[in-house]
Amino acid sequence: MSLFGLGSRNQKTFRPKKNAPSGSKGAQLQKHIDATLGSGNLREAVRLPPGEDINEWMAVNTVDFFNQVNILYGTLTEFCTATSCPTMSAGPKYEYRWADGVTIKKPIEVSAPKYVEYLMDWIEAQLDQETIFPQKLGVPFPSNFRDVVKTIFKRLFRVYAHIYHEHFQKIVSLKEEAHLNTCFKHFVFFTWEFRLIDKGELAPLQDLVESILQL
């Protein structure tokens with residue numbers, strides 16, 4: 001199965017897939033990602049290609065991982081509802097509250113689908129902001145770029161944690177567990193390679209993360 005295709009269920013994608021602008025540096029790097037992913041070696045696929053700018057590499061991959069999580073969660077929207085998932089949890093010990101630091105400064109408790117909606121809107125706003133994710137060649141990345149990327153990945157991880165803890169049986173029944181596991185493995189290798197998520201944040205899926213990294 002393609003890394004980005006989930007067949008007919010894909011029509012329920014949470015929002016349109018984002019693409020790197022054609023003719024940009026990102027589009028060239030996207031071709032490199034597609035080629036290395038095709039080789040099946042995920043550990044190799046996440047490494048910075050020789051001579052490439054690390055910020056460019058992180059930017060293109062951030063869009064890719066946003067799309068992957070978006071598509072995965074899109075297959076669950078009819079099962080992940082305010083009734084079935086009144087809080088954004090990852091098992092009994094972990095609950096996430098939403099704040100973006102701008103319109104919502106104090107973290108609020110929201111249902112899982114509302115949290116994911118806030119999160120995807122927030123990430124999309126970052127990706128669309130040229131001062132954070134410049135689209136034109138030669139335009140510099142901001143000094144806080146890595147911090148923004150780390151926050152994006154930290155929050156995308158929470159969607160994975162919720163899916164694994166609360167919806168894994170549904171994923172199995174939909175025969176999507178191999179795709180979920182491949183996407184998460186790719187995500188873990190990338191975030192580990194560039195130290196994008198603090199170890200404490202990984203606690204809800206610690207055993208799974210450790211088993212992936214030992215492969």
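This passage describes the largest nonpolar core and the salt bridges of a predicted model.

The largest nonpolar core is a good place to start. It comprises 59 residues. Within this set, the members that touch the most others are Phe 133, Phe 157, Tyr 160, Phe 184, Phe 187 and Phe 190. Several helices supply this core: two or more residues come from each of helix H3 (54–74), helix H4 (112–127), helix H5 (145–166), helix H7 (177–193) and helix H8 (206–213). The greatest contribution is that of H5, which gives 12 residues.

Tyr 160 offers a helpful view of the packing around one of these core members. When neighbours within four places in sequence are set aside, Tyr 160 is in contact with Gln 68, Val 69 and Leu 72, and also with Leu 180, Cys 183, Phe 184, Phe 187 and Leu 205. Two of these partners, Phe 184 and Phe 187, are themselves listed with Tyr 160 among the residues that touch the most other core members.

Attention now turns to the charged side chains. The structure contains 6 salt bridges. One of them joins the side chains of Glu 44 and Arg 47, with an N to O distance of 2.7 Å. Glu 44 has a relative accessibility of 40% and therefore counts as partly exposed. Arg 47 is likewise partly exposed, because its relative accessible area is 34%.

A further salt bridge pairs Lys 114 with Glu 117, whose closest N and O atoms are 3.6 Å apart. Both residues belong to helix H4, where a spacing of 3 residues places them about one turn of the helix apart. Lys 114, with a relative accessible area of 31%, is partly exposed, and Glu 117 also counts as partly exposed, at 33% relative accessibility.

The salt bridge between Asp 198 and Lys 150 has its closest N and O atoms 3.8 Å apart. This pair links distant parts of the chain, as Asp 198 sits in the loop between H7 and H8 while Lys 150 lies in helix H5, 48 residues apart. Lys 150 has a relative accessible area of 25%, so this residue is classed as partly exposed. Helix H5 thus appears in both parts of this account, as the element that gives the most to the core and as the location of Lys 150.

Finally, salt bridges also occur as a network, in which Glu 95, Arg 97 and Glu 109 are linked.

Methods:
Residues are numbered from 1 along each chain as its sequence is written. This is a predicted model: local features need pLDDT of at least 70, side-chain atom pairs count only at pLDDT 80 or more; totals for chains, interfaces and linings use all residues. Side-chain values use heavy atoms; hydrogens and water are left out. A nonpolar core is a set of buried Ala, Val, Leu, Ile, Met, Phe, Trp, Tyr and Cys residues joined through side-chain atoms within 4.5 Å. Buried means under 20% relative accessible area, exposed over 50%, partly exposed in between (1.4 Å probe, protein chains only). Helices (H or I, at least four residues) and strands (E, at least two) are DSSP runs, numbered from the N terminus. Contact means heavy atoms within 4.5 Å. A salt bridge is a side-chain nitrogen of Lys or Arg within 4 Å of a carboxyl oxygen of Asp or Glu.
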